[in-house]
Amino acid sequence: MFKIEDIIETLQDYQPQVDPSLLIRARDFCIRAHPDNETSAGFNYLQHSLEVASILARLKVDETTLIVGILHDSLSPGRVTRDELEEEFGEEVLRLIDTGNKISNIPYRQSDQQQVESFRKMFVAMARDLRVILVYLAVRVSEMRHIGQRREEEQIAYSRETLEIYAPLANRLGISWLKGELEDSALKVLEPEKYMALARRISAHKEERGEYVDNVREKIHELLQQNKIQGEVTGRFKHFYSVYRKMERTGVGLDEIYDLTAFRVLVDSVRECYEVLGLVHATWKPIPGRFKDYIAMPKTNMYQSLHTVVIGPFAERMEIQIRTREMHRIAEEGVAAHWKYKEGGAVAVTGRDDQRFNWLRQVLEWQRDVSAEPGASGTSSIDLFPEEVYVFTPNGDVKELPKGSCPIDFAFAVHTDVGYHCVGARINSKLSPLKTQLKNGDIIEVLTSAHQTPSKDWLSFVKTSKARNKIRHWVKAEQREKSIELGRELLEKELRKHHYSLKRATSLESFSPAINEFGFKSTEDIFAAIGYGKLSAGQFVSSALPKELQKQQPGKGGSLGKVLERLTRRKPQSAILIGGIDNVMVRFANCCNPLPGEPVTGFITRGRGLTVHAKNCPQVLASDIDRRVDIEWDMQRKTTRPVKIQVVCSDQKGMLVGISGAITNADANICSASVHARGDEKGTNLFEIDVENLEHLNRVIREIKKVKGVNRVERIKN
């Protein structure tokens, strides 16, 4: 049972001067707003509201935030008005409740785009006033404590949303106990059998290992006393979800997880933290690669601590966390530990605290960088809650980047212009490729050139949304500019055939209607479409010039002209049918080497015509969609395509003759062959053969597999 008196008492512990009357009025207002006192999920409104306030009081928030927590749902039933609430508690409380209601009403869907939209709105609200997020995290904790009172489908939806949105938010804000509770309660609903099995086994471990925990805690305490260090030592079991994730990630059972227990040492100063670390490593052997210094390089959510894993008593692994009491307070309360509320409720952050909120400003920049175009949201989802790496500028400034970032990500993090003109990088004074993945502690020096511009290839290895969006914007603008220039030249060339200049043609009354006829809005759009290859200059000129003004092109008047016209209208010799595009050179991509019968797509390459790719070719999937065209094979035309196959067989006499005979029997021609003996009584043979289509290739492969001694036959696509 939650009581307003207990909440007031907790508040007065950290804000002794507060007047409790407002909180009592808030409770009474809540009762008036919910006279039936029952939520749609079947639990008590007043108790739910007071529970939310109790959770917030544990976070040591201000009085205004507690009032918002009590009244967060008071406007929903419509029994009290907005004017009444504002008159009673002020405009700020109403504003915070309004913002929170918008967040809580975001419909959750299991799709990347909708989820990113939810994150985006919550982040914007967070950047304006973090108290809104604290309230709705507390609301979610209360709801998850009573999740069993909801319908089964609601339980699953709420739990998934909790795990994917609210728990990461709690982690981002550094409130570890709240994150742990949300994760455990969600796991209990989403994986009930695994949760119960884990709970039973961990509970059994607690009973069995209680003596072990007491023993180790006493040994660490003695170690501190012997070295005259005042410290507090505690031992705890990791929460269920953390253990579950580790089991799922590593594929091991509970019995194989050795660091179920974590010991925590709290001391008075940073110097003592490192002193205790030295004592621990001198007493027990540390495990290589398992030491993390979050004091020198704090996490984004302001968390600081030393983490190490050692071989402890009885040859068992154990994790030890060492931090100051102030660091521990931040780890428990997170961002709330640093809010200072000025008169009127605004948030003041000064000095060192200001640096800890850099990520809030980065959120606003991220919000500006995300494109409003369809599909752009999905490309940014990777940047929401990534694992971080911490790297340094040559001046010693720390830059935080997602795990897997490269020097280009770093360059854009320094400044957009640095990213645009990045030509290379020195990592720890050594020249390194631009796609090198950065590691914690690397010192990065970016090399720039005024002549360098972003490359589309960078998109395949950059990680940050800022770098990705800036590169996309640059490439798209540059491609459009080049397409406009090329399209203008092609159109001018086509118009000259009809004795027209571009300037004269644009003055015709029929020119603008022709632009609209093709679905474009401006002359530049037409230029770009022609330059991309989406529209031929001849097609547009046929519509833009009146028929009586179009001149007959030389050589097309007599019988010879008719013959030439028929020749130009013949289907391409490549056996490719191209819809809506005339006189386009056709070539086949070496990366996927498509065969007749396979699904294909075309890609317009300036100066090289149309390149035919397999539809699932990674290279074309990563290409500019505006330059792709629909094509298909002309299966009526008999043609052949070269293809490479690799045959792995036993190294014995007569194998090459047998394989060659099988290829000939399948009516395929061998263009070249390469034979290599591997030394393990196996041979690898590479053949280039001509086949008519995919079905023909499969017939060749089946014939080769019939040869005795052949182990494997596969097609080589590049």
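Reader: Two strands count as paired if DSSP finds at least two bridges between them, right? In what order do the strands of the open sheet sit?
Author: Four strands line up as 21-22-20-23, with antiparallel pairing. Strands (E, at least two residues) and helices (H or I, at least four) are DSSP runs, numbered from the N terminus. This is a predicted model, where local features need pLDDT of at least 70, side-chain atom pairs count only at pLDDT 80 or more, and totals for chains, interfaces and linings use all residues. Residues are numbered from 1 along each chain as its sequence is written, and side-chain values use heavy atoms, leaving out hydrogens and water.

Reader: Ok, which ones are the edge strands?
Author: Strand 21 (669–677) and strand 23 (710–716), each pairing on one side only. Strand 21 pairs with strand 22 (residues 682–691) over eight bridges, and Ser 672 faces Glu 688 in strand 22.

Reader: What does helix 27 touch?
Author: Helix 27 (residues 655–665) packs on the sheet, touching strand 20 (641–650), strand 21, strand 22 and strand 23. Contact means heavy atoms within 4.5 Å.

Reader: Switching topic: at what angle do helix 8 and helix 9 pack?
Author: About 140° for helix 8 (residues 130–145) and helix 9 (residues 152–172), with axes 11 Å apart. That makes helix 8 oblique to helix 9. Axes are lines fitted to C-alpha atoms, for helices over the stretch in contact, and angles run from 0 to 180 degrees between N-to-C directions. Under 35 degrees is roughly parallel, over 145 roughly antiparallel, 65 to 115 roughly perpendicular, and the rest oblique.

Reader: And where is confidence lowest?
Author: In helix 17 (residues 376–380), at a mean pLDDT of 34; pLDDT is the predictor's confidence in each residue, from 0 to 100.

Definitions and conventions. Pairing = 2+ DSSP bridges.
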